[in-house]
Amino acid sequence: MSTQNPTLSNPRQAACVVLRSIQKEGCYADQLMDRELSEGRLSGPDRGLFAELVFGVLRRQGTLDHIIAQLLNQSLGKLEPIVLVLLRLGLYQLVYLDRIPESAAVNETVNLAKQSVPRASGLVNAVLRNYLRRKNNITFPDPLTSPVASIAARHSQPLWLVNQWLDQLGLAETEQLAEASSLQPPLTLRTNTLLTSREELLQRFTDNGISAVPCHYSPQGIVVEGRHHIPGLPGFREGLFAVQDEASQVAALLLGVQPGERVLDSCAAPGGKATHLAQLMDNRGELLAMDISRNKLPLIQESAQRLGIRIISTRSADLLQSAAMPAHAFDRVLLDAPCSGLGVIRRNPEAKWRLTPADFTRLATTQRAMLKNAFRLLKPGGTLVYSTCSTTLEENETVVRDFVSRQNDCVLEDLNTIFPHWHDLFTSEGMLRTWPHRHGMDGFFAARLKKR
Ligand SMILES: C[S@@+](CC[C@H](N)C(=O)[O-])C[C@H]1O[C@@H](n2cnc3c(N)ncnc32)[C@H](O)[C@@H]1O
């Protein structure tokens with residue numbers, strides 16, 4: 001099956017194609033899904049089922065594989081990759097989707113197998129029916145004697161990640177985080193305060209029969225209940241809001257930008273934080289949104305235009321190349337560094353099956369070099385926020401502590417002192433650490449540095 005197949009009007013078939021591309025080619029789920037949805041072959045509830053199947057299977061892949069292994073007479077590794085995708089897809093519907101009748105889940109999956117890999121349709125049928133017979137006898141590792149394996153299997157997380165969380169948080173919180181990280185994240189929006197207030201936006205949603213509540217921490221944030229097609233939400237085309245997790249909103253607020261300042265967002269695409277910063281600057285001053293990827297700069301410009309922002313200019317430059325950097329000295333710099341994305345695995349669940357601990361060391365090397373270069377661009381007295389959507393120590397505290405210890409003109413500011421009302425988001429050292437299970441937002445890190 002190909003992702004270009006023009007006949008994919010069936011949500012299960014479309015999900016199967018996307019899952020296979022992710023497995024085979026290392027594609028990103030959100031990009032493939034956007035492409036499929038924008039081609040308009042699926043309509044109405046089929047679009048919702050398609051998204052549910054792709055993200056659900058990726059989030060629950062570990063648990064599904066654990067169950068499949070008990071139902072098979074052979075090891076999982078011996079299955080053809082497409083057969084494994086079909087089994088995950090069928091089993092996901094049986095285990096997690098109450099609204100789909102069991103017979104439909106089995107028959108539709110077997111039909112898909114007949115189309116794509118006919119020789120395996122008997123096996124797919126047998127395994128799914130075997131699950132229906134044995135579902136009350138599926139076993140998981142004992143939480144007392146094998147806590148890591150138990151959490152990994154029940155909450156669908158890789159073993160290395162559970163071990164890492166255990167070192168950071170202890171057993172009870174690891175269980176909570178593992179569970180929260182396999183759930184669908186909330187839909188959080190940032191009010192565009194250049195055009196409206198949070199209260200007016202909430203009222204607009206209420207008037208349109210959509211439930212939404214204010215965020216607890218971000219003064220611009222709202223959480224919308226249910227699933228929605230974003231461009232169809234009231235106020236989207238008028239630019240009244242941007243989609244952005246609350247943790248990301250808080251990270252930009254930590255920079256403390258003021259109207260009239262000269263600000264650099266050094267890794268800016270697709271522009272979530274850059275547009276937020278411009279909004280906080282009240283559309284006054286200069287904001288340079290820089291990114292290595294020239295292809296992504298139009299995303300920043302399109303968002304800025306929709307939100308009525310006039311102070312952002314974009315530039316393609318490599319933060320690792322000093323010579324390519326803008327010659328300005330900035331009052332404030334945001335370095336929202338490329339990272340492992342372990343804090344956003346609710347949104348990009350394929351990442352947890354691809355990453356390995358070796359990736360963090362490689363990423364940290366780049367992040368250190370970026371921090372050094374970004375700090376050079378600050379004026380004396382200027383402020384820099386270093387942030388990532390990763391939960392690892394290596395990409396976060398270690399990068400910052402190491403930099404501060406080597407850089408005589410750099411001071412780590414204590415966020416507890418500057419933003420005392422958010423103290424439960426900060427570590428005792430004064431850095432931001434948000435967690436899905438504690439704060440209901442993405443896992444995020446930020447530290448605020450000052451140049452003497
Ligand atoms: C975490 S994303 C930034 C997200 C953005 N701040 C936002 O809120 O929408 C990291 C960005 O860094 C960019 N990037 C990666 N390496 C870079 C480099 N060497 N110089 C500049 N940008 C880089 C990537 O293209 C990516 O867009």
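Here are some notes on the predicted model above, covering its helix packing, its strands and the ligand shell.

1. Let's start with the ligand. The shell around the ligand has 17 residues, and the closest are C267, G272, K273, L319 and D336. Sorted by class, the shell holds 8 nonpolar, 4 polar and 5 charged residues.

2. Next, the parallel strands. Strand β6 covers residues 286-291 and strand β7 covers residues 312-316; the two run parallel and are joined by 5 bridges. If you want one pair to look up in the viewer, take L288, whose bridge partner in β7 is S313.

3. There is a helix to add to that pair. Helix α13, residues 297-307, combines with β6 and β7 into a β-α-β unit, and that unit is right-handed.

4. Now the open sheet. Four strands make up this sheet, in the order β2-β3-β1-β4, and their pairing is antiparallel. At the edges sit β2 (212-214) and β4 (241-243), each of which pairs on one side only. On average, neighbouring strands here are turned by 30° against each other, direction ignored.

5. A closer look at one edge of that sheet: β2 pairs with strand β3 (residues 221-224) in the antiparallel sense, over 3 bridges. Here P214 has I222 of β3 as its bridge partner. As a reminder, strands of a sheet pair through backbone hydrogen bonds, and the pairing can be parallel or antiparallel.

6. On to the helices. Helix α3 (residues 45-71) packs against helix α6 (residues 121-134) at an angle of about 95°, and their axes are 10 Å apart. Angles of 65 to 115 degrees count as roughly perpendicular, so α3 and α6 are roughly perpendicular to each other. On the α3 side the contact uses I67, I68 and L71, while α6 brings in V127, N130, Y131 and R134. By class, this contact has 5 nonpolar, 1 polar and 1 charged residues.

7. Helix α3 has another partner to check, helix α7 (residues 147-155). Here the packing angle is about 100° and the axes are 6 Å apart, which makes α3 roughly perpendicular to α7 as well. G62, T63 and H66 of α3 meet A152, A153 and R154 of α7. This contact of α3 with α7 divides into 2 nonpolar, 3 polar and 1 charged residues.

Definitions and conventions: Residues are numbered from 1 along each chain as its sequence is written. This is a predicted model: local features need pLDDT of at least 70, side-chain atom pairs count only at pLDDT 80 or more; totals for chains, interfaces and linings use all residues. Two strands pair if DSSP finds at least two bridges between them. A crossover is right-handed if, with the strands pointing away from the viewer, the path from the first strand over the helix to the second runs clockwise. A residue is near a molecule or strand if its C-beta atom, placed from the backbone, lies within 6 Å of it. Ala, Val, Leu, Ile, Met, Phe, Trp, Tyr, Cys and Pro count as nonpolar, Asp, Glu, Lys and Arg as charged, and the others, Gly among them, as polar. Axes are lines fitted to C-alpha atoms, for helices over the stretch in contact, and angles run from 0 to 180 degrees between N-to-C directions. Angles under 35 degrees count as roughly parallel, over 145 as roughly antiparallel, 65 to 115 as roughly perpendicular and the rest as oblique. Two residues are in contact if their C-beta atoms, placed from the backbone, lie within 7 Å.
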